[in-house]
Amino acid sequence: MLNTKDIKPKLVVSRCFFEHTRYDGGIISSEIVKKLEKYCDFIKVCAEVEIGLPIPREPIDVFLIRNKLRLMNKTMSEDLTDKMISFSHKFADSLPNDIDGMILKSKSPSCALNDAKLYGENGRVISKTPGLFAKVMLERFPHLAIESEMRLTNDKLRFEFLTFIFTHARFRNVTNKKELIEFHSRNKYLLLAKNEKVMRDMGKLVAQKGFDDTTKIAYEQLLVKVLKTPLKVPKVINTLLHLYGYFKDKLSSQEKAYFMDLLEDYKNHIVNLQTLLAILKSWAIRYSVDYILDQTFFEPYPKELDQLKLEKDAAR
């Protein structure tokens, strides 16, 4: 069976989850970040400290000045925009090629993905905006999973993020054709549940003769496209029926009817996906179907990461 515990994604994370780097000298508590520290390698960054701001410091905010985003202090007497953008690009250039994702601080004028307060020239809040550091990260790394700690308190978003970073990390270890075939085989039903059309295109790449950097890059581009496709109930049901097909000739009529009832309950949001996967996995164990037991769809990331008691982080 597939062991996901030895896979360590590499993530960029905001330093304020670990150190007293906030503007008020505080530190942010995030249950998901704490839990991930055991399973991931972190590259920690505080963009505001890196551009020379002290701890503690005067708060800064994003302003819309003559239709341009500017990062300034509260009194609008100091413009930090150029420093922040310059550092952000230098930081992006310094990152290794094996990054799988990022977790950035929500609502921060530097790190927010889309929920930093945007102030007008009169000093009043007019909208929400990405922080300037995060804006550069999103532009430079559209192929990575980038989230905030607040959004990761949502079960669905957390599932998508964790599935992305662990699957992407596993793919990074692929170095030859045999490993590519094994990776595609093990991930077949996860890929099918997300995007069948792109999965078929990936299969065509795998079927081609030979393996080189061009093959791996092309496959990775398709993999990212699949992983960024959110799970949808109809596609998941289609995948569950494919898995069910391995066992339906061996099951009693009562077992078949029970499973079909559960599918309907899943469609109506009465039971969750894990309930159906647990039943399918039990059948795979009963009938020794190793190919099914090896599928990452049953455990795309370490199951311990589902045992989170998440609380909303304090607002900035």
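In this predicted model, strands β6 and β7 (residues 125–129) run antiparallel to each other and are joined by four bridges. Together β6 and β7 make a hairpin, with five residues lying between the two strands. Within the turn, G123 adopts a positive phi of about 85°. Three of the residue pairings along this hairpin can be followed one by one. Y119 has V125 as its bridge partner in β7, L118 is matched with S127 of β7, and A116 is matched with T129, again in β7.

The hairpin belongs to a wider assembly. An open sheet of four strands is arranged in the order β4-β3-β6-β7, and its pairing is mixed. Strands β4 and β7 occupy the edges with a single partner strand each, so one side of β4 and one side of β7 have no neighbour in the sheet. From one strand to the next, the twist of this sheet averages 40°. Its parallel component includes the pairing of β3 (residues 60–65) with β6 (residues 116–119), which extends over two bridges. Here F63 stands opposite Y119 of β6. Y119 thereby takes part in both pairings of β6, with F63 standing opposite and V125 of β7 as its bridge partner.

Two backbone details are worth a look around β3. In the loop between α2 (47–50) and β3 lies P56, and the peptide bond that joins I55 to P56 is cis, with omega at about -10°. The loop between β3 and β4 (68–73) holds R66. Although R66 is not a glycine, its phi is positive, at about 50°.

A further open sheet is also built from four strands, here in the order β2-β1-β5-β8 and with parallel pairing. Its edges are formed by β2 (41–45) and β8 (145–148), each of which pairs on one side only. The twist in this sheet averages 20° from one strand to the next. Inside the sheet, β1 (residues 10–14) and β5 (residues 101–104) run parallel and are connected by three bridges. Along this pairing, V12 stands opposite M102 of β5. Helix α4 (residues 132–140) packs on the sheet through contacts with β2, β5 and β8, and its direction makes about 165° with that of β5. Helix α5 (residues 155–172) likewise packs on the sheet, where it touches β1, β5 and β8. The direction of α5 makes about 145° with that of β8.

Helix α5 also leads from the sheet to the helical part of the model, through its packing with α9. The axes of α5 and α9 come within 10 Å and cross at roughly 170°, which makes the two helices roughly antiparallel. On the α5 side, the residues in contact are E160, T163, F164, T167, H168, F171 and R172. They meet K216, Y219, E220, L223, V224 and L227 of α9. Sorted by class, this contact between α5 and α9 comprises six nonpolar, three polar and four charged residues.

Helix α9 (residues 213–227) has another packing partner in α8 (residues 196–207), with an angle of about 160° between them and their axes 10 Å apart. The helices α8 and α9 are therefore roughly antiparallel, and α8 passes α9 in a left-handed crossing. From α8, the contact draws on V198, M199, D201, M202, L205 and V206. The α9 residues involved are A218, Y219, L222, L223, K225 and V226. By class, the contact of α8 with α9 contains 10 nonpolar residues, two charged residues and no polar ones. Y219 and L223 of α9 appear in the contact with α8 and also in the contact with α5.

The database record adds some context for this region. An unreviewed UniProt entry annotates residues 188–302 as "domain: DUF1722". Over residues 188–302, the chain is 69% helix and 0% strand. The C-alpha atoms at the two ends of residues 188–302 are 18 Å apart.

Terms used: Residues are numbered from 1 along each chain as its sequence is written. This is a predicted model: local features need pLDDT of at least 70, side-chain atom pairs count only at pLDDT 80 or more; totals for chains, interfaces and linings use all residues. Side-chain values use heavy atoms; hydrogens and water are left out. Axes are lines fitted to C-alpha atoms, for helices over the stretch in contact, and angles run from 0 to 180 degrees between N-to-C directions. Angles under 35 degrees count as roughly parallel, over 145 as roughly antiparallel, 65 to 115 as roughly perpendicular and the rest as oblique. A crossing is left-handed if the near helix is turned anticlockwise from the far one by less than a right angle, and right-handed if clockwise. Contact means heavy atoms within 4.5 Å. Ala, Val, Leu, Ile, Met, Phe, Trp, Tyr, Cys and Pro count as nonpolar, Asp, Glu, Lys and Arg as charged, and the others, Gly among them, as polar. UniProt positions are given in the numbering used here, feature names are shortened, and annotations may be inferred rather than shown by experiment. Two strands pair if DSSP finds at least two bridges between them.
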